[in-house]
Amino acid sequence: MTSKRRKNDTETVGTGKKKDKREETPKISEITEDTDVRDRVKVAWLKKEHLSHGSIELDCRPFPHCVIKNFIRNEGFLENLEKELLDLNFHEKSNDLYKFKQSDDLKKRKEAHIAGLRAVLFERFRLWLSSVFAVELEPVVDVSCAKYEYTDVLLCHDDELEGRRIAFILYLVRPWESSDGGTLDLYSVDGNNQPKDIVKSLVPSWNTLIFFEVSPVSFHQVAEVLSKDKCRLSVSGWFHGRSLERLPRYIEPAAPRSPHLPRDEELLLEWINPIYLDVAYQAQVQEEFEESSEILLKNFLKEDKFEQVNEALKQSEIQWVKRGPPNKRSYRWAEQQGLPPCVSACWELLSSEAFFLLLSNFTGLKLHFMAAGDDTDEEEEEKDEERAAGSTDPEPRAAPERQKSEQEKSAKEPSTPLCRGELRCWGHGDYTLIHDTNVDSMEFALDLLLYFGCEGWQADFGGFTSYIASGEDEELLTVSPESNSVALVYRDKETLKFVKHVNHRSLELERSSPRGTSFYDFSFVYYE
């Protein structure tokens with residue numbers, strides 16, 4: 001009996017031991033062997049000009065990027081590579097920025113075709129890129145495989161990280177349409193070099209490689225995959241070298257804070273479920289809150305008031321405005337001016353002096369100078385320190401009485417309670433991201449979320465608010481949308497939050513519920 005063995009199959013040698021599969025190195029596009037084409041790409045990239053030649057296309061809108069079709073010449077190699085990649089162990093990756101499945105780093109994989117691709121990328125192709133960009137690229141392997149399936153997404157980001165110079169993606173997808181989602185979307189930028197609009201979408205295609213220079217304006221995303229039966233398979237990574245000069249990070253102006261409105265407890269009696277106005281129940285709420293720094297208060301508003309606001313939000317002609325930029329957030333919001341009367345009245349409730357006091361009773365925080373609190377111990381400690389300092393002064397100096405009385409008056413004068421609030425509408429594609437320029441997250445604060453229109457909303461739709469510790473991915477707390485419920489969360493300087501991307505599953509509500517596919521919340525922050 002005779003049989004044929006492929007060149008790269010495992011061989012048995014005379015000792016009876018198995019010899020490892022040999023690395024199979026593919027041939028890449030002939031376009032990379034043409035020095036004339038290479039020089040033309042180099043000049044076009046430098047001048048930021050469009051270039052199209054054979055299987056290669058360079059476009060500089062909105063930032064320079066290059067597409068090489070039929071990157072690998074050997075179709076059999078690609079099919080074997082696909083099989084090896086799909087046999088890898090993939091890990092679910094999910095945080096504020098993304099949701100997809102990723103393999104381990106491929107730099108140590110020994111499968112013949114994975115090792116061969118790695119070799120050709122970081123040897124031959126790296127040298128070609130070094131020549132095009134006139135920059136030395138390190139032989140550092142930074143490459144992995146990603147699978148994007150239904151509702152998976154990678155939101156707007158710029159890829160900037162120390163040492164990354166060129167990003168690349170090699171697609172191994174079967175026939176794919178723009179209606180399947182998963183496009184590589186490229187963003188324009190505004191005057192502050194913040195992402196503005198998607199101006200180009202690249203549809204993944206088999207054996208196509210895309211690369212671009214990592215820069216302060218290389219904002220892009222992988223759009224949500226909408227197909228329920230296709231897999232967007234790709235190999236991606238970065239070539240490392242001297243980074244481009246970074247622009248100063250744009251710091252957004254801090255959101256304005258407002259003093260409380262002078263409204264008395266009659267407003268609370270008009271709007272709030274009577275159980276939450278009972279002093280004994282408030283003490284019970286405070287005890288539970290002080291144990292965990294969070295609490296969910298269900299059926300918070302009186303039923304008739306809740307229904308009024310709920311219907312007004314769904315049926316009225318509220319002017320919703322999109323809020324960005326997309327590397328930080330994407331949702332709709334409305335200003336208080338022009339809201340239906342009942343919705344504006346609810347805003348006033350949450351901004352009222354009486355409500356500040358009620359929150360103090362719920363949480364034990366001193367959100368108002370009239371709230372219960374005991375500063376005696378702190379004041380005595382301060383006085384003891386002053387006496388101790390005075391006793392060591394050989395020549396104590398007495399301040400004038402007038403100056404002393406003014407200082408005491410200033411110290412005792414209460415600060416004005418402040419808050420900031422938003423009315424937000426959440427639907428498919430909306431989210432917020434954690435970002436290092438958010439000055440509002442750098443202090444202690446009490447968050448409040450009051451939800452409307454959440455009937456039928458499910459956790460796998462997204463839209464929940466997640467709290468994490470700074471520098472960690474593990475969630476500390478998740479707040480899911482629930483109609484007529486108030487979530488109170490006290491966070492410190494090391495606690496960050498985001499709203500998870502609302503995915504395509506949320507549109508299923510259109511078939512099962514007459515209420516639509518959006519929900520609403522009042523998002524308020526209160527400061528001690």
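Okay, a quick definition to start: when I say strand or helix, I mean a run assigned by DSSP, at least two residues for a strand and at least four for a helix, with numbers counted from the N terminus. And please keep in mind that what we have here is a predicted model.

With that, let's start at Asp-152. Where is Asp-152? Asp-152 sits in the loop that runs between β8 (143-148) and β9 (153-157). Is Asp-152 buried or exposed? The cut-off for buried is under 20% relative accessible area, and Asp-152 comes in at 1%, so Asp-152 counts as buried. A polar atom of the Asp-152 side chain lies 2.8 Å from the backbone nitrogen of Glu-149. If you skip the neighbours within four places in sequence, the contacts of Asp-152 include Lys-99, Phe-100 and Lys-101. Lys-147, Ala-223, Glu-224 and Val-225 are also among them.

Next up, the strand I'd like you to look at is β27, residues 519-527. Nine of the nine residues of β27 are buried, so the rest of the structure largely encloses this strand. You can see that on both faces: Phe-519, Asp-521, Ser-523, Val-525 and Tyr-527 are buried on one side. Tyr-520, Phe-522, Phe-524 and Tyr-526 are buried on the other.

What does β27 pair with? One partner is β20 (residues 418-426), which runs antiparallel to β27 and is joined to it by nine bridges. If you want a spot to zoom in on, Glu-422 has Ser-523 in β27 as its bridge partner. Then there's β22 (residues 445-452), also antiparallel to β27, with seven bridges. Here you can find Phe-452 standing opposite Tyr-520.

That takes us to the rings. How many aromatic pairs are there? The count comes to 33. Take Tyr-276 and Tyr-281: they're edge-to-face, 5.7 Å centre to centre, with 65° between the planes. Tyr-276 has 5% relative accessibility, so it counts as buried, while Tyr-281, at 25%, counts as partly exposed.

Another pair brings us back to β27. The ring centres of Trp-347 and Phe-522 are 6.1 Å apart and the planes are at 90°, so this pair is edge-to-face. Trp-347 belongs to helix α7 (residues 341-351) and Phe-522 to β27, so the pair ties together parts that are 175 residues apart in sequence. Trp-347 is buried at 11% relative accessibility, and Phe-522 is buried too, with a relative accessible area of 0%.

Both of those pairs belong to one aromatic cluster, whose members include Tyr-276, Tyr-281, Trp-347 and Phe-522. Phe-452, which we just met opposite Tyr-520, is in that cluster as well, and so are Phe-524 and Tyr-526. Phe-300, Phe-306, Phe-355, Phe-356 and Phe-362 are also among the members.

Still on rings, there are a couple of arginines to point out. The charged end of Arg-232 sits over the ring of Tyr-148, 5.1 Å from the centre of that ring. Arg-424 lies over the face of Tyr-331, 5.5 Å from the ring centre.

Now for a sheet. There's an open one with three strands, in the order β24-β23-β26, and the pairing is antiparallel. Which strands are at the edges? Those are β24 (475-479) and β26 (495-499), each pairing on one side only. From one strand to the next, the twist averages 20°. Strand β23 (residues 465-469) is joined to β24 by four bridges, and Ser-466 is the residue that stands opposite Thr-478 in β24.

Last topic: backbone oddities. As background, most residues other than glycine have a negative phi, and most peptide bonds are trans. So here are some exceptions to look up. Arg-61 and Pro-62 are joined by a cis peptide bond, omega about 0°, and Pro-62 is in the loop between β4 (56-59) and β5 (65-68). The bond from Gly-324 to Pro-325 is cis too, with omega near 0°, and Pro-325 is in the loop between β18 (321-323) and β19 (329-334).

As for phi, Asn-193 isn't a glycine, yet its phi is positive, about 60°. You'll find Asn-193 in the loop between β11 (184-189) and β12 (195-202), partly exposed at 30% relative accessibility. Ser-293 also has a positive phi, near 65°. Ser-293 lies in the loop between α5 (279-292) and β17 (294-297), and counts as partly exposed at 29%.

That's my tour, thanks!

Conventions
Residues numbered from 1 in each chain as written. Predicted model: local features only at pLDDT ≥ 70, side-chain atom pairs only at ≥ 80, totals over all residues. Heavy atoms only, no water. Pairing = 2+ DSSP bridges. Axes fitted to C-alpha atoms, helices over the stretch in contact; angles between N-to-C directions. Buried < 20%, exposed > 50% of the residue type's maximum accessible area, 1.4 Å probe, protein only. Polar contact = N/O pair within 3.5 Å; in protein donor to acceptor, adjacent residues only side chain to side chain. Contact = heavy atoms within 4.5 Å. Phe/Tyr/Trp six-rings, centres within 6.5 Å; stacked < 30°, edge-to-face > 60°. Lys NZ or Arg CZ within 6 Å of the ring centre and 35° of its normal.
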